[in-house]
Structure formats: structure tokens, C-alpha cells
Amino acid sequence: PTIYLITPTYSRAEQKAELTRLGNTLLHVESIHWILIEDSDFPSNLISNFLARFQALSKNRSNIRVTHLVKRTPIEYRTKLNDPNWLKPRGVLQRNEGLKWLRNNRNNIDSRGIVYFADDDNTYDLRLFDEMRDTKKVSCWPVGLVGGLMVERPLVNDENKVIGWNAVYKPERLYPLDMAGFAVNITLILKNPKAFFTLKVPRGFQESYLLKQLISDISELEPKSDKCTQVLVWHTRTERPNLKQEVKLKRPSNENIEV
Ligand code: UGA
Ligand code: MN
């Protein structure tokens with residue numbers, strides 16, 4: 001089955017570096033369809049060129065398919081440069097745009113496909129993609145370096161059923177896992193055409209908000225990664241680069257150079 005990776009991305013100094021790193025990972029994975037959604041009103045040259053290069057590279061390797069979409073977060077929901085990162089939800093409308101694309105293209109997509117929300121800054125072990133590929137409804141696994149813990153994870157019994165969570169950050173969440181901690185079979189996405197993320201829930205509740213539209217309780221979750229004892233994805237975050245010497249230059253250091 002194809003894995004549909006939904007990746008929101010936004011323009012900032014380190015964007016190309018992040019996507020290069022993620023792209024290099026994906027070049028090692030079979031049957032991927034990468035849906036990249038820019039937080040913008042129009043496609044940027046940077047991303048268009050990146051995807052063209054990426055597609056060419058992948059031809060000789062895993063033959064990844066790529067879809068380039070755009071959806072801009074309205075001004076009142078946008079994180080400003082000096083806002084703390086937890087103030088506003090991030091990537092919400094972009095992920096919804098990816099879901100819409102899948103539904104609009106239901107006749108042309110792999111009906112056995114899997115949907116995974118892959119943020120552009122996380123770190124993905126190649127084995128994660130093998131784990132998620134046979135998701136029947138919703139699969140889940142631990143995520144490293146998130147929720148204020150070394151690992152946030154589902155607790156799983158000997159029968160490989162989820163029986164609870166180790167979450168400490170907002171443990172009242174219905175499904176206290178990170179966006180990187182689950183994948184969904186495409187049939188659930190198509191069967192529930194109104195299931196979306198929303199700008200209207202507090203931070204940390206996106207995942208629960210979506211999942212409660214797709215499954216009725218934790219008994220429907222399929223634990224992966226050896227009964228959720230292995231970390232195959234990390235919620236890494238990139239330090240904002242220090243560019244303060246730029247102001248001392250008459251011309252920007254990257255004049256005519258894409259960084
Ligand atoms: C955490 C979660 O891991 C995210 O899945 C969740 O979307 C986010 O919190 C949230 O606050 O809603 P965090 O590392 O803080 O993630 O967020 P980012 O990685 O900065 O953003 C998540 C995704 O949205 C990234 O792929 C990023 O490129 C994209 N994004 C971010 C936008 O498209 N627009 C923005 O203005 C900011
Ligand atoms: Mn992130």
C-alpha cells in the first residue's frame with residue numbers, strides 16, 4: 001500500500017534544510033506519495049524547485065510521487081516571528097487541505113493507502129514506514145522527545161491492545177499522542193468525509209479531535225513498534241538560526257543564492 005504523507009511547511013530561514021533532510025529520508029522508502037502543503041497563497045519557487053529536483057532524484061530510487069498544494073493560515077491564526085511557538089495551532093489548515101485532496105482524488109488514489117501526518121522538522125526512522133504500512137484503521141506508536149518527556153507512548157497489554165497512556169502533558173486528552181504518533185487507513189478518511197482538524201481547539205487537542213471522528217475508542221487502535229516499546233520517530237525541533245550579522249552587510253549574504 002501507498003503511504004500518503006501529509007506535510008505542512010512554511011517559509012523560514014531553515015525551511016530548505018528541513019525539507020532536504022526529510023526528503024533524504026523519504027528517498028529510502030518505497031511507495032510514498034508526498035503531499036506537501038505550503039502555508040502560503042501561491043506556490044513558492046523554492047518549494048517548486050525543491051520538488052522538481054526531488055522527483056528527479058527519486059526516479060532512480062523509490063519513485064516517489066509528489067503533490068504540491070498551498071493553503072495560507074489566516075492572519076489572526078498565524079504565528080508571528082516573536083510569538084512563543086505554543087500560542088497558535090500550526091499546520092492545521094494545511095493538513096486539512098491534504099485531507100481534502102485525498103477525498104477529491106478518491107478515484108485515483110491507492111484504495112489500500114495509509115495516511116500519515118509528517119511534520120517537516122521531525123526525525124523518522126525508516127522502520128517506522130514498515131510499521132505503519134499494514135494499518136487497518138488507526139495504528140499508533142511511541143514518539144520521542146515530546147510532551148515534556150523522553151518518550152510519550154500508548155501503554156499496551158500482552159494481547160497487544162492499548163490500555164492507557166504514559167502522557168503527563170494534558171493527560172485529559174482523549175488520545176494523548178502527538179501528530180507523529182499515529183497513522184490512518186485511507187478508508188477511514190474517505191468514509192468520514194467531514195473529519196478534519198480545527199483551529200478551534202486548544203493546543204495539543206488536534207490529534208484527539210481528528211481521531212474521535214474516525215474511531216469510537218482505544219480498542220480500535222493498533223499498537224505498533226513492538227507493543228509500543230520502540231521509538232521510531234522523534235519530535236525534534238530546529239533552533240531558530242541566528243542571522244544577526246546580516247544587518248551589518250550592505251547586501252544580504254544570500255543575494256541571488258537560494259539557501
Ligand atoms: C507540535 C506538534 O508536533 C504539531 O504536530 C502541531 O501541529 C503543533 O505542535 C501545534 O502547535 O499545532 P511543533 O514542533 O510545535 O509541533 O510545530 P511545528 O513543527 O513548528 O509545526 C507543525 C507543522 O506545521 C510543521 O510541518 C510546520 O512546517 C507547519 N507550520 C508551522 C505551518 O505550516 N505554518 C506555520 O505557521 C507553522
Ligand atoms: Mn515540529
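Analyst: Welcome! One definition to begin with: Ala, Val, Leu, Ile, Met, Phe, Trp, Tyr, Cys and Pro count as nonpolar, Asp, Glu, Lys and Arg as charged, and the others, Gly among them, as polar. Please also keep in mind that this model is predicted.

User: Thanks! Using those classes, how do the residues lining the largest cavity divide?

Analyst: The lining has seven nonpolar residues, three charged ones and no polar ones. You can find them in the structure as Trp141, Pro142, Val143, Glu152, Arg153, Pro154, Trp165, Pro176, Leu177 and Asp178. The space they line comes to about 30 Å³, and the structure holds one cavity of 30 Å³ or more.

User: What about pockets: how much space lies in the second largest pocket, and which residues are closest to its centre?

Analyst: A pocket is an open set of points, whereas a cavity is one from which the probe cannot get out. The second largest pocket here offers about 260 Å³ of space. It is lined by 13 residues, and those closest to the centre are Arg12, Ala13, Leu243, Asn254 and Val259. By class, this lining has five nonpolar, four polar and four charged residues.

User: Now the sheet. In what order do its strands run?

Analyst: In general, strands of a sheet pair through backbone hydrogen bonds, in either a parallel or an antiparallel sense. In this structure, seven strands make an open sheet with mixed pairing, ordered E3-E2-E1-E4-E11-E6-E12. At the edges stand strand E3 (65-70) and strand E12 (221-223); each has a single partner strand, so one side of each is left without a neighbour in the sheet. From one strand to the next, the twist averages 25°.

User: In which sense do E4 and E11 pair?

Analyst: E4 and strand E11 (residues 182-185) are antiparallel partners, joined over three bridges. To see them side by side, look at Ile114, which stands opposite Asn185 in E11.

User: Which strands does helix H1 touch, and which does helix H3 lie across?

Analyst: Helix H1 (residues 15-26) packs on the sheet and touches strand E1 (3-9) and strand E2 (32-38), with its direction at about 170° to that of E2. Helix H3 (residues 92-104) lies across E1, E2, E3 and E4, and runs at about 135° to E2.

User: Last one: which residue gives the protein donors of the manganese ion (ligand 2), and where is Asp121 found?

Analyst: Both protein donors are OD atoms of Asp121, lying 2.2 to 2.6 Å from the manganese ion. Water is not among the atoms, so sites may look incomplete. Asp121 itself sits in the loop between strand E4 (114-117) and strand E5 (123-124).

Note on methods
Residues are numbered from 1 along each chain as its sequence is written. Chains are lettered from A and ligands numbered from 1 in the order in which they are written. This is a predicted model: local features need pLDDT of at least 70, side-chain atom pairs count only at pLDDT 80 or more; totals for chains, interfaces and linings use all residues. Side-chain values use heavy atoms; hydrogens and water are left out. Donors are N, O and S atoms within 2.8 Å of the metal (3.2 Å for Na, K and Ca); water is not among the atoms, so sites may look incomplete. Helices (H or I, at least four residues) and strands (E, at least two) are DSSP runs, numbered from the N terminus. On a 1 Å grid over the protein atoms alone, a cavity is a set of points where a 1.4 Å probe fits but cannot get out, and a pocket is an open set with protein on both sides within 12 Å along at least five of seven lines; lining residues have an atom within 4 Å of a point. Grid points are joined across faces, edges and corners, and a volume is the space filled by probe spheres set on the points. Two strands pair if DSSP finds at least two bridges between them. Axes are lines fitted to C-alpha atoms, for helices over the stretch in contact, and angles run from 0 to 180 degrees between N-to-C directions. Contact means heavy atoms within 4.5 Å.
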